[in-house]
Amino acid sequence: MAQANAAAVTGTGTSAQWLARYNDSLMGVFGSPQRVLVRGAGALVWDADGKEYLDLLGGIAVNALGHAHPFVTSVIASQLTTLGHVSNFFTSPTQIALAEKLLELSVAPAGSKVFFANSGTEANEAAFKLARAHGKAHSPAGGPARTTILALDGAFHGRTMGALAMTAKQAYREPFEPMPGGVRHIAFNDIDALREAMDGTVAALILEPIQGEAGVRPLSTEYLLAARELSKAAGALLILDEVQTGVGRTGAWFASIAAGITPDAMTLAKGLGGGFPIGAIITFGEEPSQLLSAGQHGTTFGGNPAATAAALATLHVLETQDVLANVRAVSRLLADGLQKVDGVTDVRAFGLLIGFDLAQPVAAGVVTAALDAGFIINAPRPSTIRLAPPLNLSAQQAQSFLAALPALIQTAVAAHASEGA
Ligand SMILES: *Cc1c(COP(=O)(O)O)cnc(C)c1O
């Protein structure tokens, strides 16, 4: 058959036509989608009606190099036309090279290993099983079983049952109780609470260095260092969920490694494949790397040639184009600019993961006004806006948002006031 694009199999339509079909055919778990997107290039995307947007959310910290990056797409396309999937009865050069690259970038010590999955939640499922396996291997004979997993208030670790058990938000959990057992949530960034909770029943502590879904809330370096020390002393694993913060997002390859922490395991997903679905868990050193033995964990799709090629290509561009320096520079520009905007009360910028608070709970209104003005942003909380744009966002693109923001906030505040009246 001749080469073709997706329109050959979807047909075409206006946004309104597509959204009507969406509502008739897709499960309602995401509410009503904001737009129907058909095309992207770099930090720009276009909807089905031809309207252009500057994408400052990047598919929620996923499109690390923006949309349709020429090098990444050509590597993926070439891999797909060569060999796309083989199952884990077999391996492939891209899988092996990606594992080696991740161990190198994370400065992992000898004996460290990688397992590939397809998403963040799956990477965290592997972490959950790793914690259980560690607990089994290190429960004292006749003593209490080491089954507890400590997670933090405000945590988000994914939507499958194990990851959900480690996620804190009641609204996500309650409809699906009972949760897998053994998980305890403790106060955020509170070293005393951690010290108190860290007893001989704890198998693992799981942390996001910066809580993205909770509105870009960082753990202090002091807390991360204490977490490392206390979990080690108690014989528990320290697991860092860097699904959102990893792979250059904060201007370093990994936020926890940059803070001087070597975890026992680290989970990755979002930005790793530059838009192609892939997740990973890295185990640091011999002991955690030997916990899951042959037959104890698996996946059909995880680590397939196409996804691992996508990740290798993404890492290659990030590294050879010094994209992390751009992350740091554009971060400073955005942070400085946001601080000067009327109605913005607090700015938390960690590379290109940026949260800022508004004086009023109008974040949803600002998102709507932004879409109308051609900007994609996100409101993880009623008074908080999150930005997680492509890591190669230009200074000029960042400036265009800063210039537009005051009017977006005014529009949202006015709409909020008239609703209240
Ligand atoms: C997004 C996210 C997840 C879940 O990833 P999925 O790919 O949606 O399953 C887990 N942890 C963190 C910190 C995340 O930001």
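**Exercise 1. In this predicted model, locate Ala359, which is found in the loop between strand E14 and helix H15 (363-373), and decide whether Ala359 is buried or exposed.**

Solution. Begin with the position: Ala359 belongs to the loop that connects E14 to H15. Next, take the accessibility, which is 56% in relative terms, and because exposed means over 50%, Ala359 counts as exposed. Then look for partners beyond the neighbours within four places in sequence, where Ala359 is in contact with Gly343 and Thr345. Finally, compare sequence with space: Ala359 and Asp342 are separated by 17 residues along the chain and by 9.0 Å from C-alpha to C-alpha.

**Exercise 2. Place Leu205 in its strand, and work out whether Leu205 is buried or exposed.**

Solution. The residue sits in strand E7, which covers residues 202-207. Its relative accessibility is 0%, and since buried means under 20%, Leu205 counts as buried. When the neighbours within four places in sequence are left aside, the contacts of Leu205 are with Leu150, Leu194, Met198, Ala227, Leu237, Leu238 and Ile239. Leu324, by contrast, is 119 residues away in sequence and 29 Å away in space, C-alpha to C-alpha.

**Exercise 3. Describe how helix H5 (residues 93-105) and helix H13 (residues 305-320) cross, and list the residues through which they meet.**

Solution. Two packed helices are described by the angle between their axes and the distance between the axes. Here the axes of H5 and H13 come within 8 Å and cross at roughly 40°, which makes H5 oblique to H13. The handedness comes next, and H5 passes H13 in a left-handed crossing. On the H5 side the meeting residues are Thr94, Gln95, Ala97, Leu98, Lys101, Leu102, Glu104 and Leu105, while H13 contributes Pro305, Thr308, Ala309, Ala311, Leu312, Leu315 and Glu319. Sorted by class, this contact of H5 with H13 has 9 nonpolar, 3 polar and 3 charged residues.

**Exercise 4. Check the span of helix H14 (residues 323-339) against expectation, and say what covers its buried residues.**

Solution. With 1.5 Å allowed for each residue, the 17 residues of H14 should span 24 Å, and the C-alpha atoms at its ends are 24 Å apart, so the two values agree. Turning to burial, the residues of H14 that are buried are Val323, Leu324, Val327, Val330, Ser331, Leu333, Leu334, Ala335, Gly337 and Leu338. The elements covering these buried residues include H13, strand E13 (344-350), strand E14 (353-358) and helix H16 (395-420).

Terms used:
Residues are numbered from 1 along each chain as its sequence is written. This is a predicted model: local features need pLDDT of at least 70, side-chain atom pairs count only at pLDDT 80 or more; totals for chains, interfaces and linings use all residues. Side-chain values use heavy atoms; hydrogens and water are left out. Axes are lines fitted to C-alpha atoms, for helices over the stretch in contact, and angles run from 0 to 180 degrees between N-to-C directions. Helices (H or I, at least four residues) and strands (E, at least two) are DSSP runs, numbered from the N terminus. Angles under 35 degrees count as roughly parallel, over 145 as roughly antiparallel, 65 to 115 as roughly perpendicular and the rest as oblique. A crossing is left-handed if the near helix is turned anticlockwise from the far one by less than a right angle, and right-handed if clockwise. Contact means heavy atoms within 4.5 Å. Ala, Val, Leu, Ile, Met, Phe, Trp, Tyr, Cys and Pro count as nonpolar, Asp, Glu, Lys and Arg as charged, and the others, Gly among them, as polar. The expected span of a helix is 1.5 Å times one less than its number of residues. Buried means under 20% relative accessible area, exposed over 50%, partly exposed in between (1.4 Å probe, protein chains only).
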